[in-house]
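Colleague: I would like a close look at one part of this chain, the nonpolar core and what lies around it. Please set it in the context of the whole chain.

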Amino acid sequence: MIELFFKGLEVLGDSALSKLNIAEIPPMLLIIAFFGLLILILPKGFPGRWLGILLMIPALIYQPIPLKDGEFTYTLLDVGQGYASMLHTKNHHLVYDTGTKVSDTFDLGKLVVAPYLRSQG
């Protein structure tokens with residue numbers, strides 16, 4: 001059972017939903033999706049429960065507006081005893097200082113920076 005559970009986690013980790021960055025979704029879409037979730041968990045006989053799915057779709061398919069020429073975003077991530085700086089332009093991504101590698105199993109670059117970069121596509 002545990003092996004099946006971990007295989008399921010691997011499939012979910014590779015899916016598009018694992019790259020969903022909730023922080024970039026506009027708050028109004030998140031509120032609408034929350035009400036959709038509330039409608040979905042209503043009792044079984046409640047009419048129109050399927051409308052909850054329709055309310056959640058905009059938040060799930062939201063794509064941020066891409067950067068234009070000359071625009072950039074700057075992101076600062078806490079990686080323990082310092083920060084990882086990231087500069088994003090239309091065509092380039094610069095990552096500076098990915099954090100320390102404490103041991104073979106504890107690498108802040110893998111734990112903090114890599115998931116952020118995957119969420120950004």
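Modeller: What follows starts with the whole chain, goes on to the core, and ends with two single residues.

The model is predicted. The chain holds four helices and three strands, and from the N terminus on these elements are ordered α-α-α-β-β-β-α. The radius of gyration is 19 Å, well over the 14 Å that the globule rule gives for 121 residues, so the chain is more spread out than a compact globule. The C-alpha trace spans about 55 × 45 × 25 Å along its principal axes. Of the 121 residues, 17% are buried, where buried means under 20% relative accessible area. The accessible surface is about 9600 Å², and carbon and sulfur atoms account for 68% of that surface. Among contacts between residues at least 6 apart in sequence, 29% join residues at least 24 apart.

Now the core. In soluble globular proteins, nonpolar side chains tend to be buried together. In this chain the largest nonpolar core has seven residues: Leu77, Val79, Ala84, Met86, Leu108, Val113 and Tyr116. Strand E2 (83–88) and helix H4 (108–119) each supply at least two residues of this core. Helix H4 gives the largest share, three residues.

Next to consider is Val112, which also lies in helix H4. Val112 is partly exposed, its relative accessible area being 26%. That value is not under 20%, the limit for a buried residue, and a nonpolar core takes in buried residues, so Val112 does not count towards the core. Val112 nevertheless touches Leu77 and Val79, as well as Asp78, when residues up to four places away in sequence are not counted. Both Leu77 and Val79 belong to the core. Val112 and Leu77 are 35 residues apart along the chain, and their C-alpha atoms are separated by 7.6 Å.

Ser18 is a residue outside the core list. Ser18 sits in the loop between helix H1 (2–14) and helix H2 (27–40), and is partly exposed, with a relative accessible area of 38%. Leaving aside residues up to four places away in sequence, Ser18 touches Leu12 and Gly13. Ser18 and Ser119 are 101 residues apart in sequence, while their C-alpha atoms are 7.6 Å apart in space. The range of helix H4, 108–119, ends at Ser119.

Last, the charges: the chain has 9 positive and 10 negative ones, and the mean positions of the two sets are 10 Å apart.

Conventions: Residues are numbered from 1 along each chain as its sequence is written. This is a predicted model: local features need pLDDT of at least 70, side-chain atom pairs count only at pLDDT 80 or more; totals for chains, interfaces and linings use all residues. Side-chain values use heavy atoms; hydrogens and water are left out. The radius of gyration is taken over C-alpha atoms; the globule rule is 2.2 Å times the number of residues to the power 0.38. Buried means under 20% relative accessible area, exposed over 50%, partly exposed in between (1.4 Å probe, protein chains only). Contact means heavy atoms within 4.5 Å. Accessible areas come from the Shrake-Rupley method with a 1.4 Å probe; for residues, only the protein chains shown count as cover. Lys and Arg count as positive and Asp and Glu as negative; His and the chain ends are not counted. The place of a charge is taken as NZ of Lys, CZ of Arg, CG of Asp or CD of Glu. A nonpolar core is a set of buried Ala, Val, Leu, Ile, Met, Phe, Trp, Tyr and Cys residues joined through side-chain atoms within 4.5 Å.
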